[in-house]
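Work through the exercises below with the sequence and the structure at hand, and try each task before reading its solution.

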Amino acid sequence: MKVLVIQTRFGIGDMIIFSPYLKAISEKNDVKLSLLAKESSRANELFKDENFIDEVIKLDSTNDRILGFSKLTREIKNKNFDKVFIFNGSIRYRFLAIFSGIKEIYQYPFFTSNDVIFQTAKVFTENYVKKVLSTKPFINLNSKTVIDVKNKFNFTNNFKYIVLGISASGPTKRWDIENYINLAIKLNEVKNCKFIIAAGKNDTEIINKVIKSKIGKNCLSLENFSIKETLPVIKNCDLYVGNDTGFMHISAALGVKTISLFVDSPAYSYSGYSDNIEAIVPEGETLESTTHDTLGKNKISFEKVFEKTKEYLIS
C-alpha cells in the first residue's frame with residue numbers, strides 16, 4: 001500500500017505541529033508515508049531521523065499553483081498511491097487526487113480557514129485512526145549525533161545554554177533586539193550562561209548587534225547552519241526564549257522548555273499544542289485575542305520576560 005499526505009503550509013512550525021498526525025496515519029496503515037510539502041517547511045531535514053516518512057515530494061515554483069497543476073498531477077499519478085490525506089480544504093488538491101487516480105481520499109471540509117490548526121488536524125486524524133491523539137510533537141534525533149555536537153561545541157555543566165530566538169518572519173513579530181541583549185546580560189548575572197543565536201542569513205544586522213555587544217563572547221550564531229545541523233545544537237540546550245519562529249517550535253519538539261513572545265501572531269494556535277511552550281502575550285491581550293495585526297511588540301515588558309526566564313533558569 002502507498003499512502004500520500006498533503007500538508008502545504010509554508011512554515012517549519014506548521015510542519016512540526018502536524019507531525020503527530022502524520023505519525024498516527026503511518027502507524028494506522030503500517031506504512032511509511034510520502035509527504036507532499038513546500039520546501040520552506042524543511043520536512044526533509046526535520047524528519048531525517050524519523051521512520052514514518054518514505055519520501056518528501058517538494059512543492060516548488062515548477063509544480064505548485066495552477067500553472068504547475070498538470071506537472072504535479074503527472075508526478076503524483078506515476079507513483080500509484082492508494083490513499084491520500086489532504087490537510088487543507090482546497091478543491092485544487094481534491095482534483096489532484098482524483099486526476100491522479102487515488103481511490104481513497106480523506107480531506108478537510110472544503111474552504112476550511114481561520115482555524116486553530118492543531119485542533120482541526122487532531123479531529124481530522126482522530127476520525128480516521130479512531131483513537132485520541134496527543135497534540136504534542138516530538139522530533140527524534142540520532143543520539144550519537146547529539147553527543148558529537150555536544151563535544152564539538154564543548155557543552156558543559158558549568159553553563160546554562162539558552163537559545164535566543166531573535167529572528168522572526170517580519171519586523172512586527174520581533175521583540176526589540178536591545179531587549180534580547182539586555183536580557184542575556186542580566187541572565188548571565190544570575191547564572192553562567194552561553195547563548196545560541198537562533199537566526200538566519202537574512203538577520204545579519206541584528207545578529208551582529210548581539211555579537212558586538214557585551215555578551216557577544218558568550219554567543220554562538222546559527223546563521224550559517226542548516227536546519228539539520230541546528231537540531232542537535234538546540235537539543236543540547238536548557239531553555240529557549242524568543243519570538244514565535246520555527247526555532248521556537250523546533251525547541252519545544254526537542255523537549256527544550258520554551259518561552260515564546262507572541263506579539264503579532266495567533267498565540268493559541270501556535271502555543272496551545274504543547275505544554276513545553278510558555279507563551280507571553282502583550283499587556284491587555286490573551287492567548288485567544290493575540291493574533292495577526294495585534295502589533296504588540298512594545299507591549300511586552302522586559303521585566304516580565306526576565307522574571308519568567310529567570311524562574312526557569314534557576315528551577
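**Exercise 1: the largest pocket**

Task: find which residues lie nearest the centre of the largest pocket, and describe its lining.

Solution: Of the 45 residues that line the largest pocket in this predicted model, those nearest its centre are Gly-11, Ile-12, Ser-169, Thr-245 and Gly-246. Turning to the elements, two or more residues of this lining come from helix 1 (12–29) and from helix 10 (246–253), and helix 10 gives the most, with four residues. Sorting the lining by class then yields 16 nonpolar, 18 polar and 11 charged residues. The volume of the largest pocket is about 1,100 Å³.

**Exercise 2: the second largest pocket**

Task: give the volume of the second largest pocket, and work out which residues are closest to its centre.

Solution: The second largest pocket holds about 410 Å³ of space. Its lining consists of 18 residues, with Thr-8, Arg-9, Phe-10, Phe-87 and Asn-88 the closest to the centre. By class, this lining divides into four nonpolar, eight polar and six charged residues.

**Exercise 3: the chain as a whole**

Task: decide how the radius of gyration of the chain stands against the globule rule, after counting the helices and strands.

Solution: The count comes to 11 helices and 11 strands. The radius of gyration is 20 Å, and the globule rule gives 20 Å for 315 residues, so the chain is as compact as a globular protein of that length. Along the principal axes, the C-alpha atoms fill a box of roughly 60 × 45 × 40 Å. Buried residues account for 53% of the 315 residues, while the chain exposes about 14,700 Å², of which carbon and sulfur atoms supply 48%. As for contacts between residues at least 6 apart in sequence, 61% of them join residues at least 24 apart.

**Exercise 4: two residues and their surroundings**

Task: for Leu-164 and then for Ser-269, determine whether the residue is buried or exposed, and list what it touches.

Solution: Begin with Leu-164, which is placed in strand 6. Its relative accessibility is 1%, and because buried means under 20%, Leu-164 counts as buried. Beyond residues up to four places away in sequence, Leu-164 touches Tyr-180, Ala-184, Phe-195, Ile-196, Ile-197, Ala-198 and Val-241. Ser-221 is 57 residues from Leu-164 along the chain, and the C-alpha atoms of the two are separated by 9.6 Å.

Next take Ser-269, which sits in the loop between strand 10 (257–261) and strand 11 (277–280). With 9% relative accessibility, Ser-269 is also buried, although it belongs to a loop. Leaving out neighbours within four places in sequence, Ser-269 is in contact with Ile-17, Asp-115, Val-116, Ile-117 and Phe-118. Between Ser-269 and Lys-297, which are 28 residues apart along the chain, the C-alpha separation is 18 Å.

**Exercise 5: positive phi values**

Task: state what phi is for Asn-114 and for Asn-154, and locate each residue.

Solution: Recall that most residues other than glycine have a negative phi. Asn-114, however, has a positive phi near 50 degrees, and its place is in the loop between strand 5 (104–107) and helix 5 (117–129). Because its relative accessible area is 80%, and exposed means over 50%, Asn-114 is exposed. Asn-154 has a positive phi near 55 degrees, and this residue is found in the loop between helix 6 (143–152) and strand 6 (160–165).

Terms used: Residues numbered from 1 in each chain as written. Predicted model: local features only at pLDDT ≥ 70, side-chain atom pairs only at ≥ 80, totals over all residues. Heavy atoms only, no water. 1 Å grid on protein atoms, 1.4 Å probe; cavity = no way out; pocket = protein on both sides within 12 Å on 5 of 7 lines; lining within 4 Å. Points joined across faces, edges and corners; volume = space filled by probe spheres on them. Nonpolar A, V, L, I, M, F, W, Y, C, P; charged D, E, K, R; others polar. Rg over C-alpha atoms; globule rule 2.2 N^0.38 Å. Buried < 20%, exposed > 50% of the residue type's maximum accessible area, 1.4 Å probe, protein only. Contact = heavy atoms within 4.5 Å. Areas by Shrake-Rupley, 256 points an atom, 1.4 Å probe, with all protein chains shown as cover.
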